Amino acid sequence: MTALASSAKILVVDDEPQIRRVLRTALVAGGYTVQDVRSGEDALEKLREERPDLAIVDVNLPGMRGFEVCREIRESTDVPIIMLSVRKSEEDKVRALDAGADDYVVKPFGTQELLARIRANLRRHAPDAHDDKLSFASQGLTIDFAGRSVTARGSKVRLTPKEFDLLRYLVTHANKAIPHRELLQSVWGPDYGEETEYLRVFVNQLRKKIEADPAKPKLLITEPWIGYRFSPPSKT
C-alpha cells in the first residue's frame, strides 16, 4: 500500500548535522515522520529496529560508505532508497542504481525537488483496475500482477518494486517499442523523463533475473534511440 505523507516514516542518513537539520525541518513540514542518523552502521541498526517507508542515504558517509549501506539495505528490504551526492556524473548515478538505489539527487538541491522525488518514490505504480484478473505465462516466465510475483524457469524471482513496475509496464504493452520518456514517467513519475541511465540499469537488472542469457536478451529488447520492448516468448 502506498504510504501517505501524513504517516510515512523517512530515515535520513547523513554525517553533516546541518544537512540533517534542513532535511528534518523540510520533511516534518511536509507531513513526514523523520528519523536521522549520522552513519551507515547506525542506519542499519535503525532499520532492524523499525522499518521506515523510505531511506535517504548520503554517498559520502564515514566508515561504511553510502553504496555499501544501500546494498545492505537492499539485501533485506524493498524500502525505496534515494541517494544524495555532490557528484553528478552518469558513472556515479549508475553506481548508485547498481547498488540498489531507486533514485539519485545531486547536492545542492531544492527542497521542493527533493519532496517531489520522495512523493514519486513512495507512490507505488497504480495498479490497473483489472490487475486482479491479469497474469502472464509463457515458456518459463510467469507473472502474477495482483500478487506482484514473478517466476522464471521454475524459480521464484525477487524483484524490487521499481523492477516489477517496469516489467509490468513493458509486459502489458508487449511488442510495442516504449520510448524512454514514457517508461520513466509511467514508472518513476511525471517529474522524470531524462534519466535514461535509470532505465539502462534497471533493464539490465531485470535481464539478469528473467533472461536465460542476459548477454543475449530475447524478452527485454533494446530499441536503439527509442527505448525498450517486451517480446513475449513464441509458443511452440
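**Exercise 1. In this predicted model, decide whether Tyr 192 is buried or exposed.**

Solution. Start with the relative accessible area of Tyr 192, which is 2%. Next, recall that buried means under 20%. Tyr 192 is therefore buried.

Now try Tyr 198 in the same way. Its relative accessibility is 1%, so Tyr 198 counts as buried too.

**Exercise 2. Work out which kind of aromatic pair Tyr 192 and Tyr 198 form, and then which kind Trp 188 and Tyr 198 form.**

Solution. Begin with the search of the whole structure, which finds 4 aromatic pairs. One of them joins Trp 188 and Tyr 198, with 5.9 Å centre to centre and 65 degrees between the planes. Planes over 60 degrees apart count as edge-to-face, and that is the label for this pair.

Where do the two partners sit? Trp 188 lies in the loop between helix 7 (180-187) and helix 8 (196-210), while Tyr 198 belongs to helix 8. The pair links distant parts of the chain, its members being 10 residues apart. Both Trp 188 and Tyr 198 are buried.

Then take Tyr 192 and Tyr 198: here the values are 6.5 Å centre to centre and 55 degrees between the planes, and the pair is tilted.

Finally, put the rings together. Trp 188, Tyr 192, Tyr 198 and Phe 202 form one aromatic cluster.

**Exercise 3. Describe the surroundings of Gln 185 and find which backbone oxygen its side chain reaches.**

Solution. First, place the residue: Gln 185 is found in helix 7. Second, classify its exposure. With a relative accessible area of 33%, Gln 185 is partly exposed, because that class lies between the 20% and 50% cut-offs.

Third, list its contacts. Leaving aside neighbours within four places in sequence, Gln 185 touches Pro 190 and Tyr 192. The Gln 185 side chain reaches the backbone oxygen of Tyr 192 at 3.0 Å. Recall from the first exercise that Tyr 192 is buried.

As a last check on distances, Gln 185 and Lys 208 are 23 residues apart in sequence, and their C-alpha atoms are 24 Å apart in space.

**Exercise 4. Describe how helix 6 packs against helix 7.**

Solution. Two packed helices are described by the angle between their axes and the distance between the axes. The axes of helix 6 (residues 161-171) and helix 7 come within 10 Å and cross at roughly 130 degrees. That makes helix 6 oblique to helix 7. The crossing is right-handed.

To finish, name the residues that meet. Helix 6 brings Lys 162, Asp 165, Leu 166, Tyr 169 and Leu 170; helix 7 brings Glu 182, Leu 183, Ser 186 and Val 187.

Conventions. Residues are numbered from 1 along each chain as its sequence is written. This is a predicted model: local features need pLDDT of at least 70, side-chain atom pairs count only at pLDDT 80 or more; totals for chains, interfaces and linings use all residues. Side-chain values use heavy atoms; hydrogens and water are left out. Rings of Phe, Tyr and Trp (its six-membered ring) pair if their centres lie within 6.5 Å; planes under 30 degrees apart count as stacked, over 60 as edge-to-face and the rest as tilted. Helices (H or I, at least four residues) and strands (E, at least two) are DSSP runs, numbered from the N terminus. Buried means under 20% relative accessible area, exposed over 50%, partly exposed in between (1.4 Å probe, protein chains only). Contact means heavy atoms within 4.5 Å. A polar contact is a pair of N or O atoms within 3.5 Å; within protein, one must be able to donate a hydrogen and the other to accept it, and residues adjacent in sequence count only if both atoms are side-chain atoms. Axes are lines fitted to C-alpha atoms, for helices over the stretch in contact, and angles run from 0 to 180 degrees between N-to-C directions. Angles under 35 degrees count as roughly parallel, over 145 as roughly antiparallel, 65 to 115 as roughly perpendicular and the rest as oblique. A crossing is left-handed if the near helix is turned anticlockwise from the far one by less than a right angle, and right-handed if clockwise.
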